[in-house]
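Visitor: Please take one strand of this protein and go over it closely. After that, follow the chain to other places where the details are worth a look.

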Amino acid sequence: MEKKYVYSFGNSLTEGNADMKDLLGGKGANLAEMASLGISVPPGFTITTEACLLYFDSGNKLPRKLWGEILDHLAELEKSLEKKFGGASAPLLLSVRSGARVSMPGMMDTILNLGLNEETALGLGALTSDTRFALDCYRRFIAMFGNVALGVEGGKFEALLEQKKKKLNIHFDTDLTAQNLQSIINQFRTLIKKSVREEFPDDPMAQLKKAIQAVFHSWNTPRAITYRKLNSIPNDWGTAVTVQAMVFGNMGPTSATGVAFTRNPATGEKKFYGEYLINAQGEDVVAGIRTPNPISELEAEMPEAYGSLVGVYQKLENHYRDMQDLEFTIENDHLYMLQTRSGKRTVSAAIKTAMDMVHEGLISKQEALMRIPADQIDHVFHPTIDAKAKVKALAKGLGASPGAATGKVVFTPERAQELAEKKERIILVRMETSPEDIHGMSVAQGILTAKGGMTSHAAVVARSMGKPCVSGCSDLDVDMKKKKCTLNGTPIKELETITLDGTTGRIMQGTVPLIRPRHSSNITRMMNWAGETRTLKIRANADTPHDAFVARDFGAEGIGLCRTEHMFFEEDRILLVRKMILTDDPKKQAETLKKLLPIQRGDFTQIFKVMEGLPVTIRLLDPPLHEFLPNTSKEIKILAKEMKLSQTALVKKIGSMRETNPMLGLRGCRLGIVFPEIYRMQTRAIIEAACKLVKKGVKVFPEIMIPLVGHVNEFKKVKDETMEVAQEVIEKAEVKLPYKIGTMIELPRAALTADEIAKEADFFSFGTNDLTQTTFGLSRDDAGSFLSDYLEQGVLEKDPFVTIDRVGVGPLLKIAVEKGKPVNPDLHLGVCGEHGGDPQSIEFFHTLGLDYVSCSPYRVPTAILAAAQASIKHR
C-alpha cells in the first residue's frame with residue numbers, strides 16, 4: 001500500500017484523530033477530532049510531517065506524487081464547498097498553517113487569504129457585496145505572503161500601512177476605505193518587486209506551492225530552532241501543513257476573531273479566559289498589533305455566537321480532560337473553530353488546574369502529577385514585590401504573566417542576548433514582540449510591551465517560560481533609534497533600571513525589593529501526592545544552617561552533600577586555613593587545626609539541629625589546597641605579617657604549591673592521606689557535634705563521605721583513621737551514636753572496581769559532576785568556551801553537565817550499582833551531583849534503583865515531582 005501524505009478533515013471524508021499528532025501535527029490532528037465531534041470546523045486537509053521530511057530529503061522540492069495528492073484533496077475541497085480555487089465568480093480562499101506535533105506558539109509561519117489576485121479579489125467583492133472587505137483581505141495576503149514566502153521584511157509592510165494611516169489621520173485599519181486599501185495594495189506590490197526583483201505571483205497554484213514550501217522551511221528558521229532548543233524538541237520531527245478553507249472575521253461588525261483558554265492560563269482559575277477583536281483576522285489578536293477586548297464582553301456584542309463558543313469550550317475541555325487553548329472566527333454571526341490544543345500555562349496554573357481536575361473527577365492523581373512540568377516547578381517560587389516596599393509607579397499595563405523582575409532596560413533581543421552573556425539582568429521593552437524576538441525573550445528577566453493583550457505572543461511565550469510579562473501598556477512609547485522610551489511621560493534610557501510586576505501589570509522605577517512566596521495549599525497537596533507515589537528519596541546539597549532550613553522546608557529528607565570547604569571561605573576562617581596550609585612547622589599546624597576545630601564543630605552542630613532525625617552526609621575536605629591560597633598583594637601582605645614571614649618568602653612558598661592540573665592533583669582523599677591531620681580534625685568536629693546533641697536527646701545521623709577515591713586502598717586507609725577518631729570521641733562521650741562512612745564514586749576506576757570498595761563502604765554517593773569530567777576528559781570550568789558550539793552544531797544533543805550522559809557516563813553508574821550491591825546488600829546508593837535536580841537525569845537514576853538523589857535546596861520540589869513522575873512512568 002502506497003504511503004499516504006495528505007488527510008482530509010471537516011467534511012464527510014474526515015480522516016485522522018487526536019491520537020495522530022506525530023503524523024498530522026497538533027493542529028491537523030485536533031481539527032480532525034473536532035470535526036468528528038460535530039464541531040463547526042472550516043474544511044481542509046493536512047499535509048503530514050512525513051511529507052515535510054520527504055520535502056527536505058528531496059532537495060527542498062515537492063515530489064510530483066506529493067503535489068498530485070495535494071491537488072486531489074484540493075479538488076475534493078472545491079467540490080464540497082462548490083467554490084473554485086482561483087475562480088473569478090466564487091473564489092475559494094485558503095489558509096496555510098504550520099502544525100508541529102507539539103505546540104510552538106508563533107514560532108512557525110501562517111499565510112491567510114491565499115488565492116487572491118486582482119481578478120479573484122473582484123470576485124470576492126462581488127460575491128460578498130463588499131469591495132472594501134475583499135481589498136482588506138488582499139492587502140493582508142500580499143503582506144503575509146511577501147514576508148513568509150518571498151522573504152520581504154514584515155516591518156516594511158507595516159511601515160507603509162502606518163504611513164498611509166498617519167497621512168489620512170486614521171488610527172485603526174478598519175477606518176481605511178476601499179480606495180485607501182487599493183492604494184496600499186499597489187504600494188505593497190511595488191515594495192515586493194523592488195525587494196525581490198520579481199512580480200508578486202498572481203497564479204493561485206504558484207501561490208499555494210510557494211506557501212506550502214515556506215511553511216515547511218519555517219521549521220528551520222532561527223526562531224523555531226531556538227524554541228526547540230529551549231524546549232528540548234527534536235530537530236528531526238518536521239512540521240505538518242494544514243490547508244483550510246478561509247472563514248472571515250473581518251467582514252464587518254457581525255464578524256470577529258479571537259483566542260481563548262478554557263481556564264485562566266496564568267492562575268489556573270476555572271473561568272473562561274480570552275480576547276477577541278471585531279472585524280479582524282486571527283493574526284491581529286496573537287500578533288498584539290491591536291489590543292483586543294476581554295472575552296466576557298463578547299456576550300453583550302454577539303450573544304448567540306458567544307453562547308455557541310461557551311458550549312464548544314466546555315465540550316472540548318471535557319473531551320480532552322485538559323485546559324484547552326482555542327482559536328475561533330465568527331463570520332456573520334456563525335462560529336467556526338480553527339484550533340484547539342493543550343493550553344500553555346504557568347506552572348502555578350498547571351498545578352491548580354491539575355488539582356482541580358482531580359477534584360472534578362476528570363483525571364486521576366497520577367495523571368495530575370504527570371501534567372505538571374517538573375523542570376518548571378521552581379517558577380512557583382519566583383520573586384514577588386515586597387508589599388512593604390515604597391515604590392514609584394511609572395505606568396500600568398496588563399498583568400500577562402505573573403511574578404516580578406528587576407533589570408536594565410534594553411530595546412532589542414540582540415542587545416538582551418549581548419548583556420545576558422555578561423551576566424546582566426535585563427528587561428526587554430518592545431512596542432510588541434514577534435516570534436523573531438525569542439532569543440532575547442529567553443534571556444530576559446521580564447518583558448514589557450506597549451501593544452498586545454493577554455493572549456498576545458509576548459504573553460503566551462512569557463507564561464510558557466515562567467517569566468514576568470506586562471503587555472498592552474498604552475502609556476509606553478518606544479523610540480528604537482534613540483534607544484529610549486517614555487512611560488506615562490517619564491523618559492527611560494537604555495540600561496536604566498525598572499521593575500515589572502507581571503501579576504498586577506505595574507511598572508516601577510528603579511530596583512524594588514522582591515520576596516519569595518511561600519507554599520500554597522495546592523503545592524503542598526501536590527507534594528504530598530508525589531510523596532505517596534515516588535520511591536526515590538530526595539536530599540539536598542546544603543553547607544549552612546540556612547540552606548539546610550530551606551531544604552527541609554521544601555521537603556528534603558536529609559542532606560546528601562555538605563561541602564566542608566565552603567565553611568572555610570569566611571573572612572575570619574580563611575586566614576587560619578592559609579596559615580595551616582603554608583606552615584612547615586607541624587606544631588604551628590596543629591595549633592591552627594586546634595583553632596579550627598571548635599569552628600567546624602559549631603557549624604556541624606547547627607546543621608544537625610536543623611536536620612534532626614534525618615541523615616546528614618558530610619564530605620571531608622575535597623578541593624586542591626591552592627584554592628585557599630591568597631592571590632592579591634593585599635592578601636599576601638596580611639598573611640605574611642600574620643606568619644611573620646617576608647612577602648618574598650611567602651610568594652615563593654605559594655608558588656611551590658601551584659599545580660599544573662589541580663583538579664587531578666592533590667585533592668580529595670589524597671589530601672587526607674598526605675595531610676591526615678586535616679581529616680582527623682574534621683572527623684572529630686563531626687562526631688563531637690553529634691555526641692553533644694545526642695546527650696541532649698537530639699536524633700542525629702551523621703554520614704562521613706571520603707571524596708575522590710580511585711582505589712580501595714585509599715578508602716581503607718582514610719576509613720581506618722576516621723573510625724579511630726570517631727570511636728575515641730564516642731567512647732569519651734559515653735553515648736550511642738550510629739554513623740556511616742562511605743565514598744563518592746566520581747572516578748571511572750572507582751565505578752569499575754565498585755565491588756572492592758563496596759566491601760568496605762556503608763554507602764556510595766555518585767559525584768556525577770566529576771564523573772562526567774573524568775569520563776569525557778574535559779574540565780567543566782573550561783568547557784564553557786566550546787560546549788555551546790558542540791550543542792549548536794549537534795556534536796552533543798544535551799549539555800552533559802546538565803543532563804546525565806546515559807550512553808557514556810550512565811553505564812559507569814550502572815556498573816557500580818551492579819558490582820556493589822551483590823557484595824554489600826545494605827549498601828546505600830545516592831547521587832549528589834548537579835544532575836540530582838534534573839528531571840531527565842532523575843528518571844535515569846530511578847531506573848538504576850538508587851535510594852536517593854541530592855540537589856540544591858531550591859530544586860528539591862523539582863526533584864520530588866520528577867521522582868514521582870519517573871515512578872509513574874516506569875511502573
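Guide: Strand β3, residues 94–99, pairs with strand β4, residues 110–114, in the antiparallel sense over three bridges. Two strands count as paired if DSSP finds at least two bridges between them. The names come from DSSP runs numbered from the N terminus: a helix is H or I over at least four residues, a strand is E over at least two. This is a predicted model, in which local features need pLDDT of at least 70 and side-chain atom pairs count only at pLDDT 80 or more, while totals for chains, interfaces and linings use all residues. Residues are numbered from 1 along each chain as its sequence is written, and side-chain values use heavy atoms, with hydrogens and water left out.

Within the β3–β4 pair, Arg 97 has Thr 110 of β4 as its bridge partner. β3 also has a second antiparallel connection, with six bridges joining it to strand β5, residues 240–245. There, Val 96 has Val 243 of β5 as its bridge partner. So which residues of β3 are buried on each side? Leu 94, Val 96 and Ser 98 are buried on one side, and Ser 95, Arg 97 and Gly 99 are buried on the other. That makes six of six residues buried in β3. Buried means under 20% relative accessible area and exposed means over 50%, with partly exposed in between, using a 1.4 Å probe on protein chains only.

Strand β1, residues 6–9, can be read in a similar manner. Val 6 and Ser 8 point one way from β1, Tyr 7 and Phe 9 point the other way, and all of them are buried. Strand β2, residues 44–47, runs antiparallel to β1, and four bridges join the two. One of the positions to find is Tyr 7, whose bridge partner in β2 is Thr 46.

Further along the chain is strand β21, residues 497–501, which is mostly covered, with four of its five residues buried. β21 pairs with strand β14, residues 404–410, in the antiparallel sense over five bridges. In that pair, Ala 404 stands opposite Asp 501 of β21. β21 also pairs with strand β22, residues 506–509, again antiparallel, over four bridges. Leu 500 has Ile 507 of β22 as its bridge partner. β21 and β22 form a hairpin with four residues between them, and Gly 505 in that turn has a positive phi of about 90 degrees.

Phi is worth following a little further. Most residues other than glycine have a negative phi, and most peptide bonds are trans. Ser 129 is not a glycine, yet its phi is positive, at about 55 degrees. Ser 129 sits in the loop between α4 (118–128) and α5 (131–148), and it counts as exposed because its relative accessible area is 69%. Glu 734 is another residue that is not a glycine and has a positive phi, of about 60 degrees. Its loop runs between α26 (712–733) and β28 (740–745), and Glu 734 counts as exposed because its relative accessibility is 72%.

Two other loop residues give further cases of accessibility. Lys 483 lies in the loop between β18 (476–479) and β19 (484–487). With a relative accessible area of 47%, Lys 483 is therefore partly exposed. Its C-alpha is 25 Å from that of His 171, and the two residues are 312 apart along the chain. Arg 534 lies in the loop between α18 and β24 (537–541), and it counts as buried because its relative accessibility is 15%. From C-alpha to C-alpha, Arg 534 and Ala 420 are 37 Å apart in space, with 114 residues of separation in sequence.

Last comes a helix. α8, residues 204–217, has 14 residues and spans 20 Å from its first C-alpha to its last, close to the expected 20 Å. The expected span is 1.5 Å times one less than the number of residues. The buried residues of α8 include Pro 204, Gln 207, Leu 208, Ala 211 and Val 215. Where is the N-terminal end of α8 capped? Asp 203 does this, with a side-chain oxygen 3.1 Å from the backbone nitrogen of Met 205.

Key
A polar contact is a pair of N or O atoms within 3.5 Å; within protein, one must be able to donate a hydrogen and the other to accept it, and residues adjacent in sequence count only if both atoms are side-chain atoms.
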